[in-house]
Amino acid sequence: MRWLQRLLGGGRVQLDPERQQALLREVRHRYGAHARIRFPDQVEAVTRELDGDDGLVVATRIVIEVADQAHADLLAQAHDVHRRTGRRLLVHRRNYRPLWKEAGHALRWPLFALPGGFHPYAQVAGAVTVVGGRAARLDRVTDPIPLVTGVFELLDLTTAGWEYGRVRVDTDAAALAARLISTAGRVLATMEDPPRLPPAVRELMRRNNTVDVHDPSGPRVVDAINLGARMRETLLA
């Protein structure tokens with residue numbers, strides 16, 4: 001794998017694990033729903049803080065951690081549904097859409113209440129922005145495969161939440177989806193042998209419908225987003 005060759009060979013970079021831990025703690029505790037600044041401003045601040053290769057490593061860790069915790073949360077919810085009702089729900093990380101189509105009314109969208117404390121519209125959106133902005137350096141610091149897998153999982157959960165999980169589509173939600181799509185495309189473009197697009201993405205790419213985007217503070221529609229068109233433009237380029 002090219003990333004491993006870079007780490008072991010001449011492309012090796014100097015990383016500082018202690019600085020990474022400090023950055024991770026700072027981003028985890030300083031930002032989120034409790035912070036008294038707008039989510040777009042938090043995203044900009046997180047992006048500035050996660051500078052350099054150490055910041056890129058931290059951003060990657062945030063994406064993967066959130067994807068892992070969301071999966072664990074959905075497994076726990078499925079187990080609870082089975083315990084209470086006897087109904088078995090299948091949780092597949094590569095494609096969450098069948099789960100949400102079948103049982104979205106019985107599930108809680110996991111990204112708003114993960115144990116790690118990261119908020120999808122603050123730290124996660126910031127981390128995704130960092131990864132997309134420095135995608136060309138990913139194979140110098142990490143394996144991009146788990147990362148792009150996590151990005152696609154978060155995109156799957158985001159869009160399924162809009163359709164089946166009662167997640168309101170406001171400008172912060174739309175910005176997260178746009179960042180996930182853009183970053184996925186940039187990471188794939190750096191890979192010699194990129195993985196196949198997951199089923200949820202391929203399903204959405206066949207669509208051409210627009211979704212209203214609302215003001216975060218009220219019912220007013222302020223924009224619209226066509227996920228299928230945006231995915232086709234970015235992921236099939």
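The surface that the chain exposes amounts to about 11600 Å² in this predicted model. Carbon and sulfur atoms supply 51% of that exposed area. Buried residues, in turn, make up 53% of the 237 residues in the chain. With regard to charge, the chain carries 34 positive and 28 negative charges, and the mean positions of these two sets are 3 Å apart.

The secondary structure comprises eleven helices and two strands. In sequence order, the elements follow the pattern α-α-α-α-α-α-α-α-α-α-β-β-α. The radius of gyration of the chain is 18 Å, close to the 18 Å that the globule rule gives for 237 residues, and the chain is therefore as compact as a globular protein of that length. The C-alpha trace spans about 55 × 40 × 40 Å along its principal axes. Among the contacts in the chain with a separation of 6 or more, 75% are accounted for by residues 24 or more positions apart.

One residue was examined individually. Glu 153 is located in helix α8, which covers residues 144-164. The relative accessibility of Glu 153 is 7%, and because buried means under 20% relative accessible area, this residue counts as buried. When residues up to four places away in sequence are not counted, Glu 153 touches Ala 67, Arg 93 and Tyr 96.

Notes
Residues are numbered from 1 along each chain as its sequence is written. This is a predicted model: local features need pLDDT of at least 70, side-chain atom pairs count only at pLDDT 80 or more; totals for chains, interfaces and linings use all residues. Side-chain values use heavy atoms; hydrogens and water are left out. Helices (H or I, at least four residues) and strands (E, at least two) are DSSP runs, numbered from the N terminus. The radius of gyration is taken over C-alpha atoms; the globule rule is 2.2 Å times the number of residues to the power 0.38. Buried means under 20% relative accessible area, exposed over 50%, partly exposed in between (1.4 Å probe, protein chains only). Contact means heavy atoms within 4.5 Å. Accessible areas come from the Shrake-Rupley method with a 1.4 Å probe; for residues, only the protein chains shown count as cover. Lys and Arg count as positive and Asp and Glu as negative; His and the chain ends are not counted. The place of a charge is taken as NZ of Lys, CZ of Arg, CG of Asp or CD of Glu.
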